[in-house]
Amino acid sequence: SQCVWYAKHRAMEILASSSYDENTKKTLINSINNTRGNGQDWYNNPNSTYFQKSRNINDAKAGSIVSWTRGEYGHVAIVESVYTLNGQTMVTLTEGWRTRNSAKDWYVTSDLWSVANLQKSELTLEQLKNHSGTFNGYVYLLG
């Protein structure tokens with residue numbers, strides 16, 4: 001749960017620290033902030049029309065959102081870096097989710113971070129493709 005919460009806020013952080021001019025940053029951050037839906041919906045979300053996209057797994061770029069379809073909700077994460085190791089393309093992925101099951105647990109605790117789970121993974125493109133369901137594509141935050 002809550003992978004969208006993490007990806008949305010990390011995406012806004014990436015955009016805020018980008019080299020875009022202030023008006024463009026504001027437009028793009030508002031677009032991400034207004035994006036609704038589950039992880040599997042992020043690739044085709046109308047608010048993502050500001051961003052370039054790719055359905056090609058080989059087109060991984062740092063500073064992009066990656067989306068998968070799985071079950072009812074799907075999943076979404078952030079590509080932090082792409083590099084080559086022993087001739088193989090590797091991707092550093094960050095993702096987050098809530099560790100408790102009920103919405104009540106989210107609000108009752110005085111330490112909201114006690115229910116947040118953040119993860120960093122180093123994956124090959126093949127691992128990324130099947131990481132969390134069926135790969136939908138990348139949404140490039142940085143052009």
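**Group meeting: rings, cores and a helix**

Hi everyone, let's start with the aromatics: F135, Y138 and Y140 are linked into a cluster by ring pairs. Please keep in mind throughout that this is a predicted model.

How many aromatic pairs does a search of the whole structure find? The answer is two. In one of them, F135 meets Y138 edge-to-face, with 5.0 Å centre to centre and 65° between the planes. The other pair joins Y138 and Y140: their ring centres are 6.2 Å apart and the planes lie at 20°, so this pair counts as stacked. Are these rings buried or exposed? F135 and Y138 are buried, and Y140 is buried as well.

Y140 has a charged partner too. The charged end of K61 sits over the Y140 ring, 4.5 Å from its centre. A similar arrangement turns up elsewhere: K53 places its charged end over the ring of Y43, 5.2 Å from the centre.

Let me step back to the overall layout. The chain has four helices and six strands, and from the N terminus the order is α-α-β-β-β-β-α-β-α-β. It has 143 residues, of which 43% count as buried. If you take the contacts with a separation of 6 or more, 62% of them involve residues 24 or more positions apart.

Now to the interior. The largest nonpolar core holds 18 residues, and the members touching the most others are I32, F51, I65, V76, I78 and L141. Helix α1 (3-16), helix α2 (22-33) and strand β3 (75-85) each supply at least two residues. Which element gives the most to this core? That is α1, with eight residues. Apart from this core lies another one of 14 residues, and A77, V79, V91 and Y138 are among them. So you will recognise Y138 from the ring cluster.

F51 is a nice residue to click on. Leaving out residues up to four places away in sequence, F51 touches L15, L28, S31, I32, V139, Y140 and L141.

Next, α1 itself. At 1.5 Å a residue its 14 residues should span 20 Å, and the end C-alpha atoms are 20 Å apart, which agrees. The helix is mostly covered, with 10 of its 14 residues buried. Among them are C3, V4, Y6, M12, I14 and L15, and the buried set also includes the charged residues K8 and R10.

V4 is worth a closer look. This residue is found in helix α1, and its relative accessible area is 16%, under the 20% cut-off, so V4 counts as buried. Which residues does V4 touch, not counting those up to four places away in sequence? They are G37, N38, G39, W42 and V76. V76 is 72 residues from V4 in sequence, yet the two C-alpha atoms are 6.2 Å apart in space.

Finally, the strands. β2 (residues 64-69) pairs with β3 in the antiparallel sense, over five bridges. Within that pairing, I65 stands opposite I78 of β3, and both I65 and I78 are on the list of core members that touch the most others. The hairpin of β2 and β3 has five residues between the strands, and there G71 takes a positive phi near 55°.

That's my tour, and I'm happy to take questions!

Conventions
Residues numbered from 1 in each chain as written. Predicted model: local features only at pLDDT ≥ 70, side-chain atom pairs only at ≥ 80, totals over all residues. Heavy atoms only, no water. Core = buried A, V, L, I, M, F, W, Y, C linked by side-chain atoms within 4.5 Å. Buried < 20%, exposed > 50% of the residue type's maximum accessible area, 1.4 Å probe, protein only. Contact = heavy atoms within 4.5 Å. Phe/Tyr/Trp six-rings, centres within 6.5 Å; stacked < 30°, edge-to-face > 60°. Lys NZ or Arg CZ within 6 Å of the ring centre and 35° of its normal. Pairing = 2+ DSSP bridges. Expected span 1.5 Å × (residues − 1).
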